[in-house]
Amino acid sequence: MAAHLSYGRVNLNVLREAVRRELREFLDKCAGSKAIVWDEYLTGPFGLIAQYSLLKEHEVEKMFTLKGNRLPAADVKNIIFFVRPRLELMDIIAENVLSEDRRGPTRDFHILFVPRRSLLCEQRLKDLGVLGSFIHREEYSLDLIPFDGDLLSMESEGAFKECYLEGDQTSLYHAAKGLMTLQALYGTIPQIFGKGECARQVANMMIRMKREFTGSQNSIFPVFDNLLLLDRNVDLLTPLATQLTYEGLIDEIYGIQNSYVKLPPEKFAPKKQGDGGKDLPTEAKKLQLNSAEELYAEIRDKNFNAVGSVLSKKAKIISAAFEERHNAKTVGEIKQFVSQLPHMQAARGSLANHTSIAELIKDVTTSEDFFDKLTVEQEFMSGIDTDKVNNYIEDCIAQKHSLSKVLRLVCLQSVCNSGLKQKVLDYYKREILQTYGYEHILTLHNLEKAGLLKPQTGGKNNYPTIRKTLRLWMDDVNEQNPTDISYVYSGYAPLSVRLAQLLSRPGWRSIEEVLRILPGPHFEERQPLPTGLQKKRQPGENRVTLIFFLGGVTFAEIAALRFLSQLEDGGTEYVIATTKLMNGTSWIEALMEKPF
């Protein structure tokens, strides 16, 4: 069991076990020794579901990454391809199968599509003459992967681009399927709220799927009270700003992938006397980050400025605990001390790691450039100088800072000004294309299509109204002991989370005007519950809301929702689901057209 998945109000181990069972059943169909050939993108998400030990128990002897030409030699009876339904991957699989057939003794081939089988892919395999080689062609519906006790992600990296640029609803269908799976395991969700075009589509798909399964009435007592579906394009602003929580900054600077981060190794080398820093490790330090680690669970959602004091307090507690050994006199006392030793050593290791990470982050956050960039972001978000060419952005372009950084800032300015004046927009575009190359004209086009970068139409800037009504900018923010969600960006309250907060209390009727300004419809649906399953809440018992971000969510938004869950009088606890965990850079990069 993964203990960190069961600490919340909703035990997400139930979902993990259901997904693992499905995987075991498939592996057992392919009797005999096995080699798995992985679509590389799937290895990270799968690692959160099943460790190698589970695969080994089911006779998996070898694992390879999907690459062209011949497969590495493996003395196994079955070769199983685990792949996403992508046409370009089918060409590589066909190449593998054909070269394997020439090699001799015949093997059994199987293919597992994640998360859905695809007729187009099967047709491609048929055209390439290998479809008949596969004994089992099945799908593995890994729609929502549990990352933590309150966090699920589809890890669908193309979802935002597909939905908002290409009009492709595949990921919305997978989101609806994932929600149906959750309802099968945790009971029907009585109320669905939503904001945005994609939210409306997902709700419609769920209602249609439920109608198709009318025979099987779900008799599980509902765990969730509400579902809130939110389109990413309802709040384009939040991901563009620099996250200022501990976890958010780790992600901004190093990138967290499937709950792992790779860090520069020199900070983690054990310091030996007199070796003058020789033999420093060259391999990146890889750490898993989730609430299974006590210290990380305590500091991940804090504003980075509040992390140092927690670490130094922890250091004092740990060194005091180690000092206790001098006081242990009797055999019983010594025995008790020794029994606590493993836990204390783990705590000391954890503290050493996070002290090193905090030092690495501090090197970045105390730099002049970081301060300048943050100042510009905060001016835009509080409504200062949003309608003219910004000097800092001009300097970044002139010094050829990374293109994603420049685009993040220009898009942030555009969103905080409801679009840019035509001459300001044209100036930025011209400077960017001349400095970074004309092939980026397609990227600029994508950003416009997504609504991130656009000319101001009708000359009206709606952002001040939204900012004021939703209290998006707070001047007096307490980073050490926060009283409001705005601490995650040191002053800016994420619009998406403010919408969730206001839905819970006093309800969206209080902000009708703003909801009309924001893109897409807002709606409410009720799902009737079978008799006897209506929830009677105990006095003081919080509601549980599942909030689903369609198009991605940032760690700072997750931190803000956790903050609301922990409020004494909040009344609502949140479980967060998303198509992808992302930050501003990974989001902008997913929208950039790769030059040929």
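Mentor: Let's start with a yardstick: buried means under 20% relative accessible area, exposed over 50%, and partly exposed in between, with a 1.4 Å probe and protein chains only. Our model is predicted, so local features need pLDDT of at least 70 and side-chain atom pairs pLDDT 80 or more, while totals for chains, interfaces and linings use all residues. Residues are numbered from 1 along each chain as its sequence is written, and side-chain values use heavy atoms, leaving out hydrogens and water.

Trainee: Why is Glu-59 called partly exposed?

Mentor: Its relative accessible area is 41%, and partly exposed covers what lies between 20% and 50%, so the label fits.

Trainee: And what makes Cys-396 count as buried?

Mentor: Cys-396 has 1% relative accessibility, so it counts as buried. Ala-559, which also has 1%, counts as buried too.

Trainee: Where is Ala-559 placed?

Mentor: Ala-559 is in helix H21, residues 555-566; helices here are DSSP runs of H or I with at least four residues, and strands are E runs of at least two, numbered from the N terminus.

Trainee: How many disulfides are there?

Mentor: Zero. A disulfide is a pair of cysteine sulfur atoms within 2.5 Å.

Trainee: Why is Cys-163 in no disulfide?

Mentor: The nearest cysteine sulfur, in Cys-198, is 4.4 Å away, and the rule asks for within 2.5 Å, so the pair does not qualify. Cys-163 is buried, at 17% relative accessible area.

Trainee: What about Cys-396 and its closest cysteine sulfur?

Mentor: That sulfur belongs to Cys-411 and is 14 Å away, so it is too far for a bond.
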